[in-house]
Amino acid sequence: MATGYTTPLPLSPARLRPLPHLVRAVWLESLRRNEMWVLGLLLGLYAAAALVLRIVGIESPQSARFIRGLGFDLGGLLASLLVIVTAARQLPVEIELRTIYPVLAKPVRREALLWGKALPTWGLGVAALTMFCIATVALTPTLPQQSALVLMSALLLKALSLAILTAMTMCVSLWLPPAVTMLLCGAIAFGGRFAANFVVQLCGEGRWGNWLAALWPDLSLLGQFQRYVDGGALPAPSVLLALMVYALVWTFVFAMLAAGRFRRMPI
Amino acid sequence: MNSIFRNPYALAAVGLIALIPLRPSLATTARWQPEEIDQTTREQLNSSAFVTILGEVRASAADLMWVKTELYLHNGVQFKGHLNVDELTHTGAVAARHEHEEHHHDGAHEDDDDDDCTRAGTLIPEASKDYRGFIGTLQRNVQPWQDAKAPHVHAPGDELLPWYRMLTYSNPHHWRGYIIGTWWLARNPSALTQSEDFINEGVRNNPDVFQLHLMRGRVLIQRQAWTDALNAFRRAAALAEKIRPAEGKVCTTWSASDEEDYAAALRYIPLIELRKLNDPAAARKSIAAGLQRLPDDTPLKNLQSELR
């Protein structure tokens, strides 16, 4: 049925014009929140501990590997938590406090609002991760087998993993309350692989099991810091590309689901 | 077609379909060590810092369960700490805290345990040494307690078995848990198969611990599998010789208990060859080899005289 009204594409430039203002608003809001300071405090604690160990002397390569691995693991974990906690509260809180009305009355389109909330949330996660990585690399000794190229690829993949997590959390937060969203997304982010393996074992490793595994966001695939810490080689370019495509497709899927939901959502 | 690209749900569905052929090609991304390296190296390499920390927690849980077994063994009566913690920390030897005597807690040394615990006394003191008066009397009546002069009673081992099972699940490298768990299981003739399975699991998880091979040999003796038992004792002796210092002197890596277990392995070999396999020639050789390592060993000397 022709209505004379054509819906613009979800990612059309016209919809994204107010984006910088929205990004700035989220950034200012995040600075006022406590999570950033907690993260800074934890980074400081880790940095102090690593510094003390460095001064006392790290005697074996195993210890060096352990401390460096701990820094990356901690950075990845805290960045993921920051993304989940921040993303889960962006839109539900705006809706609950009714501050979404003046924003949408600008007029800012709903898709633009969604992107304007998601992008800085992801940026926060990447910034936190980068800070941890810089502190870890600066404060812990590098082993000869640890390659900077592998580290860069691991950082890139982790950043893409945070993009999935942001899109997924924003998407789920449009259906569920923030606390439930945080728990669910946290469970998928940190225990998703076990759940997927469990489901695959229940269904058998035949066609259905493989399909279910394919349709489950496995963020652990993108966690490659251990490869760097262990001194592993850079993944083959085809594998690296496949991992990037995997992350981008999942981000796209969740972003589209969120856009579809938010477009028709009664506020 | 145009409407599909304007519908976010349709776009999401397209994305999901695109994932199906992509996912199987990513199955190998988590593995980056070459296939040819052995399991131990792989475990050491591929263990993230969090896994290492959690592994320590798991090992500590196993140690707590180990302590719990002693509480169960004494029917809930808590005795004062009587283990030499310094030695336990440095050598791993479970020895009593006496300056000039060696007392060890192994399945084979249960009598020593009586002495150690009785000497240490109970955590709740007896009336004559308790300054608390009525409160002390009350505690002795409501908490598991026994007079130091009363006979030292041990609970049946059945109650301990779940703890040994749990602690070896928690820390599969807790070889003492395997040894004592097997010892309790093997006391029950109807549980011999289970004891063999348990010790086999211990050997599988800790192939280089000679005491486990020794215990396995003992279980196989009970099952009258003489050849297998003989091989187990030979393996135990061979593994012990790799780590035994010259003349078996007690040091940080070799305790008196280790020396005792090594001697037991050397004694079992000629005994089985002579008494069960009727092979005096092999027994003579084994005795000679044993006496070369333990020149003052009385049981081996007695066996040698018997053969002359």
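These are my notebook entries on a predicted model with chains A and B.

**Ground rules.** I number residues from 1 along each chain as its sequence is written, and I letter chains from A and number ligands from 1 in the order in which they are written. The model is predicted, so local features need pLDDT of at least 70, side-chain atom pairs count only at pLDDT 80 or more, and totals for chains, interfaces and linings use all residues, while side-chain values use heavy atoms, with hydrogens and water left out.

**Entry 1: chain A, the outline.** I looked up the helices and strands first. Both are DSSP runs, numbered from the N terminus: helices are H or I with at least four residues, strands are E with at least two. Chain A has 10 helices and zero strands. Its pattern along the sequence reads α-α-α-α-α-α-α-α-α-α.

**Entry 2: chain A, burial and surface.** I checked burial next (buried is under 20% relative accessible area, exposed over 50%, partly exposed in between, with a 1.4 Å probe and protein chains only). Of the 267 residues in chain A, 48% are buried. The chain exposes about 13,200 Å², and carbon and sulfur atoms supply 71% of that. These areas come from the Shrake-Rupley method with a 1.4 Å probe; for residues, only the protein chains shown count as cover.

I then looked at contacts (heavy atoms within 4.5 Å). Of the chain A contacts with a separation of 6 or more, 85% are between residues 24 or more positions apart.

**Entry 3: two helices of chain A.** How do α3(A) and α7(A) cross? Helix α3 covers residues 61-97 and helix α7 covers residues 178-203; their axes come within 9 Å and cross at roughly 150°. So α3(A) is roughly antiparallel to α7(A) (angles over 145 degrees count as that, under 35 as roughly parallel, 65 to 115 as roughly perpendicular, the rest as oblique). Axes are lines fitted to C-alpha atoms, for helices over the stretch in contact, and angles run from 0 to 180 degrees between N-to-C directions.

I listed some residues where they meet. Those in α3(A) include L77(A), I84(A) and P92(A). Those in α7(A) include M182(A), C185(A) and F190(A).

**Entry 4: cysteines.** I searched for disulfides (pairs of cysteine sulfur atoms within 2.5 Å). There are zero over all chains. Why is C171(A) not bonded to C185(A)? C185(A) holds the closest cysteine sulfur, but it lies 8.5 Å from the sulfur of C171(A), too far for a bond. C171(A) is buried, at 5% relative accessibility. C133(A) is buried too, at 6%.

**Entry 5: chain B.** Chain B has 15 helices and zero strands. Of its 308 residues, 41% are buried. Its accessible surface is about 17,100 Å², with 55% from carbon and sulfur atoms.
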